[in-house]
Amino acid sequence: MFRTRTATAPPPLSARILRAAPIVPGTTVLGLAILGFLDIPRISGDLLPLWLAGQAFAEGTAGEVYAPVDPVFRMLPPDSWAERARAAGYEGFVYPFVYPPLWAWVFGLIGRIADFQALAGLASIVNPALLLATCLLAWRASGAPSGVLPHVAVALVLLLMTPVGVIAILQNQAQILVAFLVVLALERTRANRPVSAGAALALAASIKLFPAIFALFWLASGERRAFASFAAMGLGLGLMSRPSQAGRCMPSFWRSLGNRADRLLQPALVQP
């Protein structure tokens with residue numbers, strides 16, 4: 001009636017040592033990679049436009065959120081931003097705001113409770129953590145049979161050896177959050193969690209528009225629930241622009257986006 005469970009002998013000591021051997025170097029490399037990321041100096045030049053756009057929006061000067069459209073996109077901010085940047089304690093090149101206006105409203109709210117230096121300090125802690133989490137999610141999404149430590153260690157080392165990771169940390173780029181959300185959406189899709197997958201991708205597309213391309217793959221492959229969640233979340237984020245009055249900046253955003261698209265499609269300018 002009752003089955004007796006046969007006791008199994010533990011594996012020999014040599015087998016256990018061989019199995020645990022990769023953990024030590026993997027942990028060492030992972031620790032060194034994390035320390036390497038933390039040692040990168042922070043300029044936060046790509047975080048500053050979000051902060052300055054939020055300040056302009058909060059002050060009711062919506063015309064200073066986006067730079068005036070020139071025939072050639074020159075990566076220059078509104079004229080008043082140089083003084084705003086100095087007031088925030090920033091010395092360096094100032095980039096224009098190129099994100100949807102929703103985020104000018106969001107950073108206008110953040111500016112009520114924290115200054116730019118505090119925000120940059122927080123981003124300097126959160127962004128390396130997001131890169132680490134992105135590597136972990138990529139391992140889960142890939143279904144790789146190998147251990148997580150070697151996978152994450154190699155991924156972080158590769159990021160440290162290329163401008164992709166170093167510049168992103170140096171500038172505290174929003175692209176780090178976008179990459180995390182895109183990989184999270186892919187991992188949630190593989191885990192058969194389409195609602196959370198669509199929501200993550202929609203949030204990523206509200207920061208940078210290009211992640212929306214992945215939703216088309218969902219639609220083409222029959223992932224209708226993920227696509228519907230993406231559409232619903234995207235619609236909700238879009239409607240947030242109305243009560244926040246960020247909608248009044250939407251024409252400027254589309255003009256700025258069109259100006260950048262025209263610049264990319266034009267032949268390279270040859271200087272004499």
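This text walks through the fold, one covered helix, a buried aspartate and the largest pocket. The model is predicted.

Start with the whole chain. It has 272 residues, and buried residues make up 36% of them. The chain holds 13 helices and zero strands. Read from the N terminus on, every element is therefore an α in the run α-α-α-α-α-α-α-α-α-α-α-α-α. Now look at how the chain meets itself. Take the contacts with a separation of 6 or more: 72% of them join residues 24 or more positions apart.

Next, find helix H3, which spans residues 48-58. H3 is mostly covered. Of its 11 residues, nine are buried. Leu48, Pro49 and Leu50 are among them, and Trp51, Leu52 and Ala53 are buried too. Gly54, Ala56 and Phe57 complete the list. What do these buried residues pack against? Their partners are helix H4 (81-87), H5 and H6. After H3 comes Gly60. The phi of Gly60 is positive, near 85 degrees.

Step back to the loop before H3. This loop runs between helix H2 (23-39) and H3, and Asp46 lies in it. Asp46 is buried, yet it has no salt bridge. How far away is the nearest side chain of opposite charge? That side chain belongs to Lys208, and it is 7.2 Å away. A salt bridge needs the charged atoms within 4 Å, so Lys208 does not form one with Asp46. Asp46 does have a polar partner. Its side chain and that of Gln173 are joined by a polar contact of 2.9 Å. Gln173 also appears among the residues that Asp46 touches, leaving aside those up to four places away in sequence. The others on that list are Tyr95, Tyr99, Gln171 and Asn172.

Finally, turn to the largest pocket. About 410 Å³ of space lies in it. Its lining is made of 17 residues. Which of them lie nearest the centre? They are Leu47, Phe107, Ala123, Asn127 and Leu177. Two elements give two or more residues each to this lining: helix H5 (102-110) and helix H6 (116-142). The largest share comes from H6, with six residues.

H5 and H6 thus tie two parts of this tour together. The buried residues of H3 pack against both of these helices, and both help to line the largest pocket.

Terms used. Residues are numbered from 1 along each chain as its sequence is written. This is a predicted model: local features need pLDDT of at least 70, side-chain atom pairs count only at pLDDT 80 or more; totals for chains, interfaces and linings use all residues. Side-chain values use heavy atoms; hydrogens and water are left out. Helices (H or I, at least four residues) and strands (E, at least two) are DSSP runs, numbered from the N terminus. Buried means under 20% relative accessible area, exposed over 50%, partly exposed in between (1.4 Å probe, protein chains only). Lys and Arg count as positive and Asp and Glu as negative; His and the chain ends are not counted. A polar contact is a pair of N or O atoms within 3.5 Å; within protein, one must be able to donate a hydrogen and the other to accept it, and residues adjacent in sequence count only if both atoms are side-chain atoms. Contact means heavy atoms within 4.5 Å. On a 1 Å grid over the protein atoms alone, a cavity is a set of points where a 1.4 Å probe fits but cannot get out, and a pocket is an open set with protein on both sides within 12 Å along at least five of seven lines; lining residues have an atom within 4 Å of a point. Grid points are joined across faces, edges and corners, and a volume is the space filled by probe spheres set on the points.
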